[in-house]
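Me: I should like to learn how to read the contacts in a structure of this kind. May we begin with two helices and then turn to the chains and the DNA?

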There are 2 protein chains.
Amino acid sequence: MIEIYLLEHLTAFRQYGTLSEAAKHLHISQPALSRSMQKLEEVLDVKLFERSKNRIGLSAAGLLAADLAGRILQSEEEMITAVRNYDRSLHTISVGYCAPGPMMAFSPQITSRYSGMMISSEMDEEEALVHGLISRKYQMIILSYRPQQENFLSIPCGTESLFLSVIPAHPAAVYEKTGVSFHDMNGETFLMAADVGIWEKIKAEKMPDSRLIRQKDLDLLKEVVNSSSLAAFATDISLRLNGPDYRAGRIMIPFTDPEATVHYYCVCLKENEDRLNDWFSFLRNQIPQ
Amino acid sequence: MIEIYLLEHLTAFRQYGTLSEAAKHLHISQPALSRSMQKLEEVLDVKLFERSKNRIGLSAAGLLAADLAGRILQSEEEMITAVRNYDRSLHTISVGYCAPGPMMAFSPQITSRYSGMMISSEMDEEEALVHGLISRKYQMIILSYRPQQENFLSIPCGTESLFLSVIPAHPAAVYEKTGVSFHDMNGETFLMAADVGIWEKIKAEKMPDSRLIRQKDLDLLKEVVNSSSLAAFATDISLRLNGPDYRAGRIMIPFTDPEATVHYYCVCLKENEDRLNDWFSFLRNQIPQ
DNA sequence: ATCACTTACGGGTGACGTAAAAATC
DNA sequence: GATTTTTACGTCACCCGTAAGTGAT
């Protein structure tokens, strides 16, 4: 059998054209590479190179060999990542979220429910979440719609509603306490978090003229909001999670548009149904359909 | 990267179940194999084995790894044979024949025409010849019919006609000098060569009741024929190649059935047309269409 | 006691780097 | 003279086998 390092040397030589150049990139000496090529020819018992005194190049057979070697190397890389990913998937549950609200709400609960496991949480675009679920990057994803794929299992897992958060002196707090529309507030300047997932699109569509002042650090955002007269956002989830003093001194006014309430769905592959059954039945009890 | 020998050790362990047994078949010591498995785990950084003090078995991840390793090893084997075969095909021309006549006639001519090359000649069933041409086992084949494949190039390369060879006292020599039919001779006992390729079928179909006495060694056959009163076969090709004294003292009577004359076609893949052009144009001149 | 695996230790193969030579540009 | 390849030589890594130890049947 031919050892892998010889195949690596061969493909590097094909890639870089000369032994010297290839040796540099392989971090070995040039004579070492020369010997590798000789050994390869010896083991295969095939002339892989056209040699002149000062020059070496691949023969037709060598070109074929380098080609096939490349494929084998790729198979090996794939094997390594496949085994690592598989092993990881046995010990960790990767959850992809489309918005920060459910991530903050669910991730501690999932963590405590699967105490032996590593739980990793991540936010991404919904399209990427679906692909990630299929490619087993995620074992579970939270979407703002119910996907239709045959091999997906999905159940509703709650809603999140958006509120306007303003100081009592703000016109909206004075005149429209029962509700505002996105149209009303379009053009207003908002303080808001940097990473809001699915809400991003809603802002862009419904309040295209608003200026948004971003703050990544949520604790810092809270301070800035409390010491400012600018408008901000809140949701029922963020209010519930952060306790009553979260936006003390501010008035919360619900947005009245239907888009201001998002319905979330928890989705996994049917093949993982057993592993995640604990969590799904918890959701089923928590949020009756 | 993971060296091949580690993958071989892993697959051997899966195959034989215990380290001791696998080590035997690998012709290495059992501790060496134990270390290989440890190294594999270390490099992959994945628990591949379930270990008790006295027992070792593959984990789920290990099973996956062994599976993928097996595929990689197979790819490598395929690479080695592919490169060797390709190299061989650059230096040798393998010709497959459906009958001994054209083989004896052509193979010396091909050999002298491609002096630098190794020429290998072989007889086989026509179906096998076609498959062998496609799989590049043969670069050229001689068939008794013109194949219709798109990527084949074929030209007529002569005919071969069967003769009855009998002593002058034989009834056929006395009464039917101008020609005999297979039907006439069905039931006759013949001396003949062991390996006659395409002629085999014709005998089986047209003279099913004849007894055939086989002789592999052709020189010996010639002697036996010349000292016997039994009927034998000859063809125009064998007569031409062996010279006038070949069947001295015997009468040659042509078979009159149409099946007694075979039309041969020389066939190659179109992709090899250039390499074989010399030979094909020789045939075109020799045997005008 | 035997079997199966791991750890410990010493040895030899071979892959590597450095140095030098030959050839080409 | 600079670049590229090959050969020569010494070194070191590492893979192996033997031997010894541990635990299970």
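**Helix contacts, chain contacts and DNA**

Reply: Let us begin with two helices in this predicted model. In α1(A), the residues Ile4(A), Leu7(A), Glu8(A), Leu10(A), Thr11(A) and Arg14(A) meet a set in α4(A), namely Ala65(A), Ala66(A), Ala69(A), Gly70(A), Ile72(A), Leu73(A) and Glu76(A). By residue class, this contact comprises 8 nonpolar, 2 polar and 3 charged residues.

Me: At roughly what angle do the axes of α1(A) and α4(A) cross?

Reply: The axes cross at roughly 125° and come within 9 Å. Angles of 65 to 115 degrees count as roughly perpendicular and those over 145 as roughly antiparallel. The helices α1(A) and α4(A) are therefore oblique to each other. Their crossing is left-handed.

Me: How many residues does the contact take from chain A and from chain B?

Reply: Chain A provides 27 residues and chain B provides 27 residues. On the side of chain A that touches chain B, α1 (4–16) and α4 (60–91) each supply at least two residues. The most come from α4(A), with 18 residues. This side of chain A divides into 19 nonpolar, 1 polar and 7 charged residues.

Me: Which residues come nearest to DNA strand C?

Reply: Of the 22 residues around the strand, the nearest are Ser29(A), Lys53(A), Leu19(B), Pro31(B) and Ser34(B). Two or more residues of this surface come from each of α3 (30–44) of chain A, α2 (19–26) of chain B and α3 (30–44) of chain B. The most are given by α3(A), with 5 residues.

Me: How do the residues of the surface near DNA strand C divide?

Reply: That surface has 7 nonpolar, 9 polar and 6 charged residues.

Technical notes. Residues numbered from 1 in each chain as written. Chains lettered and ligands numbered in written order. Predicted model: local features only at pLDDT ≥ 70, side-chain atom pairs only at ≥ 80, totals over all residues. Near = placed C-beta within 6 Å. Helix = DSSP H or I, 4+ residues; strand = E, 2+ residues; numbered from the N terminus. Nonpolar A, V, L, I, M, F, W, Y, C, P; charged D, E, K, R; others polar. Contact = placed C-beta atoms within 7 Å. Axes fitted to C-alpha atoms, helices over the stretch in contact; angles between N-to-C directions. Parallel < 35°, antiparallel > 145°, perpendicular 65-115°, else oblique. Left-handed = near helix turned anticlockwise from the far one by under 90°.
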